[in-house]
Amino acid sequence: MHEIPQSAEEAAALIRRAPAEGWNLLATGTGAHLATGDADEGNMVRVETAGFAGIREHSAADMTVCVGAGTRLGELAEHLARAGQWLPIDPPRAEETTIGGLLAANLSGPLRASQGRARDLLLGIHTLDGRGDLIKGGGKVVKNVAGYDLPRLHIGACGGLGLILEATFQVRPRPEVEHAWVAPPCDAESAVALAFALRAAAEPGWLELAGSGVLAADGVTVVAGALGGHADVESAIASWRGIAAGGRLEENAAALRRRLADATAAADRIVLKAALLPNRLGALLAAAAEVGAAHKESSTLLAQATAGVARMLTPSIPCALAWIAALRGALEEQGGSLIVERAPSALRQALRAQTSLRGATPATIDLMRGVKASMDPHGVLAVGRLGWGI
Amino acid sequence: MGDKARGGIEAAGLAARLRVLVGAEGVIESAASLLPYECDGYTLERSAPELVVLPGSPEEVQQVLRLLWEEGVAFVPRGAGTGLAGGTLPVGAPVMIGTSRLRAIESIDLENRRVTVQSGVVNIAVSRAVAEAGLLYAPDPSSQTVCTVGGNIAENSGGPHTLKYGVTTNHVLGLEMVLPDGSAVTLGGSTEDTPGYDLRGIAIGAEGTLGIITRATLSLVRAPAACRTFLAIFDSVDEASAVVSAIIGAGIIPAALEMLDALIIQAVEEAFSVGFPADAGAVLLIELDGVEAGLAEQSERVQALCRSNGAREVRVANDETERALLWKARKRAFGAVGRLAPNYCTQDGVVPRTRVPDILRSIAATAERHQLRIGNVFHAGDGNIHPIILFDERDKDEVRRVLEAGREILEACVAMGGSITGEHGVGVEKIAQMPLLFSPQDLLAMTRLREVFDPEHRANPHKIFPDAKFCVEARTPRRQAPM
């Protein structure tokens with residue numbers, strides 16, 4: 001079932017009807033990231049946000065922009081570019097990603113290394129809670145500590161705490177130039193050591209590790225991106241050239257960066273995401289490659305060196321299960337995590353029958369349930385999408 | 001809710017039982033020793049707690065809160081007491097819990113750029129501990145030599161460098177908080193991404209109303225390799241504001257962009273003879289930082305923008321000594337103002353940065369209407385204003401006009417699309433202004449959230465949210481601390 005409300009009032013009316021109708025409402029934009037939820041979207045009533053699209057207010061001199069939740073990032077980027085600005089968040093499939101999806105799924109890409117993520121750029125938000133009430137949090141100015149920080153609570157909440165209507169972000173000047181240094185491929189441990197050495201030489205705009213099959217047939221390729229003024233970028237590239245000799249300069253670095261972001265969301269793949277301390281990435285990537293050796297042809301590894309995030313992609317359920325069995329326990333023990341970040345609906349259902357998609361139940365699950373109940377008391381907003389039944 | 005009269009505390013023999021938990025040195029109960037705890041940097045109201053407890057470890061915080069929970073006693077958390085909105089004023093909470101003994105830097109992980117500290121660690125101590133490795137903890141409130149990490153997290157503190165580096169919430173990976181029932185929870189973690197809701201985001205800036213922060217894992221940034229500092233002198237605040245917009249419009253994000261207006265310039269000049277022209281209308285302190293390569297070109301552009309927008313003079317710091325000299329005018333502004341009047345009161349409001357000239361005009365009109373002198377020294381790049389209202393507290397009518405003017409200024413900020421507080425918090429001071437920004441439903445949503453963590457309103461009750469029972473009536477504005 002699909003609904004396309006044209007106003008906040010229409011959306012609120014849907015929410016108010018939901019308990020009696022037994023609806024579990026899932027706000028969706030273009031559907032580009034439907035594969036990111038835990039519970040399957042099949043039984044949910046989709047509330048499309050197309051009626052809340054558009055740039056409400058862009059104050060270039062204030063470096064802020066207020067946009068409707070259904071606005072595509074591609075459209076926003078075009079608009080901001082005309083003022084020499086950007087919202088420096090680069091999720092996979094950015095063109096078709098909507099603001100609502102970006103926030104609900106907490107999407108990001110390589111730029112998080114220097115520009116932060118949605119939580120670092122979001123200033124304010126308008127939502128409808130599970131009662132159908134309009135709830136505003138934050139504001140439209142870059143500095144504001146009045147009241148609880150509600151905006152951040154919606155980031156990564158999978159739409160379970162409110163239907164996002166619009167959001168205000170701070171934006172930044174577009175960098176004059178973006179270049180990258182692509183190092184020659186090497187083994188995983190050496191690649192992580194190299195990434196740290198590159199960062200020590202010059203702070204990168206982004207710092208990605210691409211496993212076999214992504215940029216080179218074999219081995220892990222370190223790619224360091226530099227963005228900013230010409231002099232800063234040239235100086236960074238020069239220092240990296242000295243450390244990762246034998247590499248190559250990529251002048252169309254933004255395109256390469258988009259390609260690396262898109263590679264983390266291949267449509268037919270199960271995507272596992274590990275979060276860990278950055279200096280443990282080498283060991284993790286090596287172990288993941290070993291466990292996935294039997295599926296080497298179809299599996300892919302990618303990582304973000306400064307964030308401490310690794311992604312493992314495979315179309316194979318046995319391969320995904322083998323990774324989870326081998327790696328999740330140790331990661332969780334070290335304070336990290338290994339989750340199924342996305343998977344096509346059929347694979348997701350099959351996986352869920354055999355494992356927890358999100359991993360161990362958080363120690364704070366009672367607080368999370370309490371937060372969910374306080375904002376969605378009747379359980380009508382994307383119940384089950386976050387994980388652990390909420 | 002949850003308050004207990006003095007008699008109740010005595011009847012429960014609370015002090016003795018707390019001494020068992022935290023040691024004799026951790027319980028303060030004599031009237032004289034309690035005096036320093038009767039207010040924080042917001043001295044408008046004073047109310048000493050009946051007991052101050054200083055736990056010696058995060059585990060002792062849990063034991064103390066468990067005891068208070070069982071006895072039904074509400075509490076106020078306190079770091080260094082540098083807050084400027086009365087966030088640590090005891091209102092209906094007889095017990096204050098200080099974090100001053102939670103001073104351990106528990107681990108430093110240079111490779112991963114993280115530190116884990118107890119919440120009583122002083123802000124500057126974090127940066128000092130990692131300075132040799134070329135790293136720093138970015139949030140730098142002006143009280144950073146005394147204020148604590150826990151207090152910074154509770155207030156989501158900013159500082160002069162937030163324009164480029166962000167505020168506290170952008171630099172906290174995880175924190176341990178003890179809930180009012182004595183249970184400890186970890187929100188966020190040691191990794192950047194953690195599954196589930198971002199509960200850490202709610203705890204940061206909650207002004208101690210959800211529990212007591214006992215530990216935090218902070219992320220560090222690389223200290224800038226180089227910086228350039230300028231001081232530009234203008235005939236008017238409009239010209240200086242135009243330069244702020246021009247710099248940002250040129251795609252340059254300075255590390256700091258601070259403005260002083262005529263009244264402050266004269267005060268600084270009279271006090272310290274730093275060489276400001278007597279008739280200057282505004283001074284802009286601009287600092288750029290980054291790697292050496294791009295700074296030369298950027299600083300040329302900034303100077304050119306200053307000149308083309310009417311700067312009569314641009315002074316450039318050529319070395320660290322000259323840089324310190326330029327910053328002196330900014331940092332000593334409050335000391336200078338202290339010489340102009342017996343008392344002053346600093347406000348904290350935010351407007352979109354392009355509305356800075358408008359809010360300054362509005363403040364001037366307010367000053368004239370109420371026959372008050374108001375100076376401005378503030379974070380121009382963020383639109384975060386800090387009007388300083390001069391007065392004499394012995395003049396009761398003037399005091400009334402000061403409070404009236406403060407309210408009008410905040411109302412003007414909100415009318416221009418801004419906020420009632422950029423970095424000081426709501427505390428008790430701005431409760432009455434919350435409805436200017438938030439609807440009853442917004443406030444109810446926040447109260448419901450609070451009750452997930454603190455169902456009985458035991459943690460720092462009667463703060464942030466309007467509540468009929470403890471309506472705060474402002475009488476004497478005496479807040480003088482700089483920010």
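**Exercise 1.** In which sense, and over how many bridges, do strand 12 of chain B and strand 14 of chain B pair?

*Solution.* The model is predicted, with local features needing pLDDT of at least 70 and side-chain atom pairs counting only at pLDDT 80 or more. Residues are numbered from 1 along each chain as its sequence is written, and chains are lettered from A in the order in which they are written.

Begin with the elements: strands are DSSP runs of E with at least two residues, helices runs of H or I with at least four, both numbered from the N terminus. Two strands pair if DSSP finds at least two bridges between them; strand 12 and strand 14 (residues 282-290) of chain B pair in the antiparallel sense over nine bridges. Strand 12 of chain B also pairs with strand 15 (residues 313-316) of chain B, in the antiparallel sense over four bridges. F230(B) stands opposite I286(B) in strand 14 of chain B and opposite V316(B) in strand 15 of chain B.

**Exercise 2.** Determine how helix 7 of chain A packs against helix 10 of chain A.

*Solution.* Helix 7 (residues 188-201) and helix 10 (residues 281-291) of chain A pack at about 155 degrees, with axes 8 Å apart, the axes being lines fitted to C-alpha atoms over the stretch in contact and the angles running from 0 to 180 degrees between N-to-C directions. Helix 7 of chain A is therefore roughly antiparallel to helix 10 of chain A, a term for angles over 145 degrees. The contact (heavy atoms within 4.5 Å) includes V192(A) of helix 7 and L285(A) of helix 10 of chain A.

Definitions and conventions. Heavy atoms only, no water. Parallel < 35°, antiparallel > 145°, perpendicular 65-115°, else oblique.
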